[in-house]
Amino acid sequence: MSMRLAQATVVNLASIYAVKGSGRLLCPGLGSCLAVCALDPVTNVAGVAHLMLPKAPENVSEAIAAKFIDSGLSALLVRLAELGAERANLKFAATGGSQLFSFGVQNQSDLGLRNAEAFRAFAKLHELNVVATDLGGSSGRSLSFTIDSGEVLIRTLAQGEKTLCNFRSQIKQ
């Protein structure tokens with residue numbers, strides 16, 4: 001599910017949004033969740049997935065697939081292909097996976113860490129061209145992806161706004 005907000009489309013929690021053309025896609029309020037954005041700069045097909053848990057149960061329904069890193073990213077790849085994206089042209093960036101509430105100990109039950117690891121494993125298994133990530137830490141983030149320019153911005157309260165990458169110029173920051 002997504003909504004239009006002042007010339008931007010907000011990609012809500014447990015949602016996938018894909019489009020051919022222009023626009024600006026937003027994922028506000030990322031904590032342990034991940035936002036994964038993708039662009040095929042040749043066909044101008046783009047998308048964002050706002051994912052919340054590492055692994056889907058077996059036989060997950062399409063209605064809830066976007067909750068999970070593995071099934072959500074698979075669904076994003078399908079939607080991008082349906083709109084004409086070529087897998088070889090796709091570039092990906094990801095952010096989120098924070099541990100917002102720390103009690104002085106980092107352990108394997110940390111949901112943000114598990115989400116980041118699930119993304120890395122999926123990207124490796126499916127040979128995704130990941131050009132930039134900003135994962136982990138203890139700060140929440142918001143993502144803004146402008147399709148026309150290819151710019152992916154990350155905003156945090158502590159550090160302000162920074163460019164994560166630009167898919168069209170392939171500049172990593």
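## A tour from the whole chain to its largest pocket

Begin with the whole chain selected: of its 173 residues, 47% count as buried, and please keep in mind throughout that the model is a predicted one. With the surface displayed, the chain exposes about 8700 Å², and carbon and sulfur atoms supply 53% of that area.

Next, switch to a cartoon view and colour by secondary structure, which comes to 2 helices and 12 strands. Followed from the N terminus, the elements run β-β-β-β-β-β-α-β-α-β-β-β-β-β. If you then display contacts between residues with a separation of 6 or more, 58% of these contacts in the chain are accounted for by residues 24 or more positions apart.

Now turn to the open spaces at the surface. Rolling a probe the size of a water molecule over the atoms shows where empty space is left. The largest pocket has a volume of about 250 Å³, and to find its centre you can select Ile 16, Glu 62, Ala 66, Ala 75 and Arg 79, which lie nearest to that point among the 15 residues of the lining.

Which elements should be selected next, as each supplying at least two residues of the lining of this pocket? They are strand 3, at residues 15–20, and helix 1, at residues 69–82. Keep helix 1 highlighted for a moment, since the largest share of the lining of the largest pocket, 5 residues, comes from this helix.

To finish, colour the lining of the largest pocket by residue class, where you will find 9 nonpolar, 2 polar and 4 charged residues; Glu 62 and Arg 79, selected earlier, are among those nearest the centre of the pocket.

Terms used: Residues numbered from 1 in each chain as written. Predicted model: local features only at pLDDT ≥ 70, side-chain atom pairs only at ≥ 80, totals over all residues. Heavy atoms only, no water. Helix = DSSP H or I, 4+ residues; strand = E, 2+ residues; numbered from the N terminus. Buried < 20%, exposed > 50% of the residue type's maximum accessible area, 1.4 Å probe, protein only. Contact = heavy atoms within 4.5 Å. Areas by Shrake-Rupley, 256 points an atom, 1.4 Å probe, with all protein chains shown as cover. 1 Å grid on protein atoms, 1.4 Å probe; cavity = no way out; pocket = protein on both sides within 12 Å on 5 of 7 lines; lining within 4 Å. Points joined across faces, edges and corners; volume = space filled by probe spheres on them. Nonpolar A, V, L, I, M, F, W, Y, C, P; charged D, E, K, R; others polar.
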